[in-house]
Amino acid sequence: MNIILCGFMGSGKTVVGTELAKIMGRKFVDTDEMIEQQQGIAIKAIFATYGEDYFRDLEYECCKQIADMKNCVVSTGGGAMTYQRNVDAVKDSGKVVFLDADFDVICGRIGNSTTRPLFQDREKAKALYDERKSKYLEAADIVIDGNMAARKTAVEIAEMFK
């Protein structure tokens, strides 16, 4: 069974996921990295060149690939689990864990990142955060406090899956 991490950008999915995979002796998979490797260009460039809809289709294909994987820790992109088709694609292969981090905490983690296409405007990012939160809660089998340090979060998730 896979452990699929979801949450807003900066909620700690990649850092927690990497740590969790080490603790549990599982393979770590990052959907954004998968897409970048398969396409040969960065997510930011995909958005700029082809648009968000194209990216979301790539993300869906990626979710279908994850469904065929076993015993992985998966970090999904910030928007992935806000699309029902993606949730449906991964649900049978594992449990979705929502890293519920406060917006202020996320802002502190991201800082002034230029690599996140949807975080260039803080007000728009906050509106997106508010819009997505209910979708993360709907998708999640488990909700965990995403404000904790990554190691602590990873240990708590690992305990749930013993």
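## Where strands 2 and 3 meet

V29 has V74 as its bridge partner in strand 3. That pair is part of a bigger match-up in this predicted model: strand 2 (residues 27-30) and strand 3 pair over four bridges, in the parallel sense.

What about the side chains of strand 3? C72 and V74 point one way, V73 and S75 point the other way, and all of them are buried. That fits a general habit: in a regular strand, side chains alternate between the two faces of the sheet.

## Strand 1 and its partners

Now move over to strand 1 (2-6). Three bridges join strand 1 to strand 3 (residues 72-75), and the two run parallel. L5 is one of the residues involved, and its bridge partner in strand 3 is S75. Strand 1 also has a link to strand 4 (residues 94-100), again parallel, this time through five bridges. Here you can look for C6, whose bridge partner in strand 4 is F98.

How many of the five residues of strand 1 are buried? Five of the five are, so strand 1 is largely enclosed by the rest of the structure. Its side chains go two ways: N2, I4 and C6 point one way, while I3 and L5 point the other way.

## The whole chain

Time to zoom out. The protein chain has eight helices and five strands. Starting at the N terminus, the elements run β-α-β-α-α-α-β-α-β-α-α-β-α. The radius of gyration is 15 Å, close to the 15 Å that the globule rule gives for 162 residues, so the chain is as compact as a globular protein of that length. If you boxed up the C-alpha atoms along the principal axes, you'd need roughly 40 × 35 × 25 Å.

Of the 162 residues, 49% count as buried. The accessible surface of the chain comes to about 8,000 Å², and carbon and sulfur atoms own 49% of that surface. The fold also brings together stretches that sit far along the chain from one another: among contacts between residues at least 6 apart in sequence, 73% join residues at least 24 apart.

## Two nonpolar cores

In soluble globular proteins, nonpolar side chains tend to be buried together. In this chain, the largest nonpolar core has 36 residues. Which residues have the most contacts inside it? They are F8, I35, I66, M81 and V90.

Take V90 for a closer look. Not counting residues up to four places away in sequence, V90 touches I4, C63, I66, M81 and V96. I4 is one of the buried residues of strand 1, while I66 and M81 are on the list of residues with the most contacts in the core. There is also a second, separate core of 15 residues, which includes A21, V97, M148 and I157.

## The loop with G10 and S11

After strand 1 comes a loop that leads to helix 1 (13-24), and S11 is in that loop. Is S11 buried or exposed? S11 counts as buried because its relative accessibility is 2%, below the 20% cut-off for that label. Its side chain reaches the backbone oxygen of F8 at 2.8 Å. Leaving aside neighbours within four places in sequence, S11 is in contact with L99, A101, I106, R109 and G146.

G10 is in the loop between strand 1 and helix 1 too. At 12% relative accessibility, G10 also counts as buried. For a sense of distance, try G10 and T153: they are 143 residues apart in sequence, and their C-alpha atoms are 14 Å apart in space.

## Two asparagines to find

N71 is in the loop between helix 4 (52-67) and strand 3. Most residues other than glycine have a negative phi. N71, though, has a phi near 55°, which is a positive value in a residue other than glycine. N71 is partly exposed, with a relative accessible area of 40%.

N86 sits in helix 5 (residues 84-91). How accessible is N86, and what does it count as? At 0% relative accessibility, N86 counts as buried. Not counting residues up to four places away in sequence, N86 touches E59, Y60, C63, A80 and M81. C63 and M81 are also touched by V90.

Key:
Residues numbered from 1 in each chain as written. Predicted model: local features only at pLDDT ≥ 70, side-chain atom pairs only at ≥ 80, totals over all residues. Heavy atoms only, no water. Buried < 20%, exposed > 50% of the residue type's maximum accessible area, 1.4 Å probe, protein only. Polar contact = N/O pair within 3.5 Å; in protein donor to acceptor, adjacent residues only side chain to side chain. Contact = heavy atoms within 4.5 Å. Core = buried A, V, L, I, M, F, W, Y, C linked by side-chain atoms within 4.5 Å. Pairing = 2+ DSSP bridges. Rg over C-alpha atoms; globule rule 2.2 N^0.38 Å. Areas by Shrake-Rupley, 256 points an atom, 1.4 Å probe, with all protein chains shown as cover.
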